[in-house]
Amino acid sequence: MDIIRLDFKSGLEALLKEKPIRAIFLGVRIGDPTAVGQEQFSPSSPGWPPFMRVNPILDWSYRDVWAFLLTCNVRYCSLYDQGYTSIGSIYDTVPNALLRANKSTEKFKPAYQLPDGRLERAGRVKKIYNSVSGYSDVVSNGPNNLKTCQSSTFTASVLAVGDEILFGNIEDQLGLALCRKLSSVGWTVSKTVVIRNDIDSVAEEVERLKANNDMVFIYGGVGPLHSDVAIAGVAKAFGVCLAPDEAFEEYLRQCIGEKCTGDRTEMAQLPEGITELLLHERLPVPLIKCHNIIILSATNSTELGNQWDCLIELSSSNYSGPLILTDPFVSKQLETSLSDLQIALPLSQLRLRFPDLYIGCYRKSRYGPLLVTFEGKDPDRIELAANALCKEFHPGAFCEPTTKDDF
């Protein structure tokens with residue numbers, strides 16, 4: 001056996017330069033981050049050495065892999081017996097918290113005892129981006145790094161699928177509610193989007209959003225109707241097929257029973273190899289999570305509130321839960337009768353002094369008072385910024401509004 005001590009791409013270049021290899025067998029499976037768009041035979045990606053990728057186990061499940069290894073007595077890395085389920089580098093691999101023997105011990109069950117293979121990658125640490133310093137850090141899915149998570153900021157986007165919103169037939173209230181709920185757990189919403197009921201439109205938008213956000217929330221377009229294209233669009237964005245999910249079909253059977261006149265199997269088609277069902281006793285049907293995409297089935301504020309509460313409970317009780325809960329944002333508002341021209345330069349300079357805060361301003365009416373908003377996670381920094389702005393003008397130029405907006 002030849003051992004090449006280089007990174008994967010450089011190692012391939014060295015190997016192909018030394019030996020005229022035309023095809024390479026890989027252990028890629030649907031659901032792996034690098035499997036998007038691949039088939040059993042796929043040419044290498046642009047910018048990589050030219051060779052044919054042969055993926056013999058592309059359609060294997062997590063259970064298929066372990067059944068083969070154990071039945072055929074194939075040797076494997078000993079880390080899998082210590083609770084590791086997905087092994088990467090030494091910087092991003094930890095034991096899967098779902099295999100912990102009990103809460104009071106650091107002992108883990110072997111990887112082949114993982115009850116749900118879709119949670120295989122719960123043993124990878126989560127990357128955190130610090131918006132102030134600009135550096136990336138990592139945090140494991142264990143309790144030791146909880147404080148690091150709580151002080152960090154994550155970004156989300158909200159995607160609504162519905163022609164009825166774009167035609168103006170209904171008012172979209174779920175997007176506003178989701179933004180408020182995300183802010184309450186310390187997440188920043190980078191974008192809200194409404195798109196038509198079209199698979200390609202959903203796929204294109206999901207592909208953009210998932211690459212630039214820690215999480216994307218989708219609602220609308222979920223169900224058995226011809227216009228319900230959200231799940232198919234997500235599958236297309238990840239380059240995977242839709243396939244029947246037996247567990248999801250069973251929940252549908254229990255939920256709708258004999259009221260279903262269509263094909264429940266057709267309704268239970270989910271993105272193959274990348275779907276995780278988020279189960280909660282108060283949810284008649286599980287929420288659907290595909291990597292960093294969460295698909296909500298809520299159609300009104302009450303349903304959204306229930307699904308959100310269940311999502312928060314799942315995240316609070318499980319360190320590898322669907323969401324990382326962080327410190328909520330703190331807000332402060334000041335009101336002034338100063339003109340936009342008078343306040344423009346001092347506000348611009350203030351933003352440079354406090355890059356960790358969001359400082360915005362708006363008017364409720366064209367000739368009404370100007371409202372300046374400070375938002376962040378450190379109350380002391382917010383007070384410091386507000387006081388610094390007040391010192392730039394005469395006493396009494398700013399005051400706190402008598403009625404505050406509901407954030």
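Let me begin with one pair of side chains, those of Glu276 and Lys289, which meet in a salt bridge at 4.0 Å, N to O. This pair links distant parts of the chain, since Glu276 sits in strand E11 (residues 275-278) and Lys289 in strand E12 (residues 287-290), 13 residues apart. Please keep in mind that what we are looking at is a predicted model. Glu276 has a relative accessible area of 18%, so it counts as buried, and Lys289, at 13%, is buried as well.

By the rule applied here, the count comes to 10 salt bridges, and I would like to show you two others. Lys332 and Glu383 join their side chains in a salt bridge at 3.5 Å, N to O, and here the partners are 51 residues apart, with Lys332 in strand E14 and Glu383 in helix H12 (residues 379-391). Lys332 is buried at 15% relative accessibility, whereas Glu383, at 37%, is partly exposed. Together with Glu400, these two residues form a network of salt bridges.

The other is between Asp340 and Arg366, whose closest N and O atoms are 3.6 Å apart; Asp340 belongs to helix H11 (residues 340-353), while Arg366 lies in the loop between E15 and E16.

That brings us to strand E16 itself, where seven of the seven residues, 370-376, are buried, so the strand is largely enclosed by the rest of the structure. E16 runs antiparallel to E14, with seven bridges joining them, and antiparallel to E15, with six bridges. Within these pairings, Thr336 has Leu370 as its bridge partner, and Ile359 has Phe374.

Terms used
Residues numbered from 1 in each chain as written. Predicted model: local features only at pLDDT ≥ 70, side-chain atom pairs only at ≥ 80, totals over all residues. Heavy atoms only, no water. Buried < 20%, exposed > 50% of the residue type's maximum accessible area, 1.4 Å probe, protein only. Helix = DSSP H or I, 4+ residues; strand = E, 2+ residues; numbered from the N terminus. Pairing = 2+ DSSP bridges.
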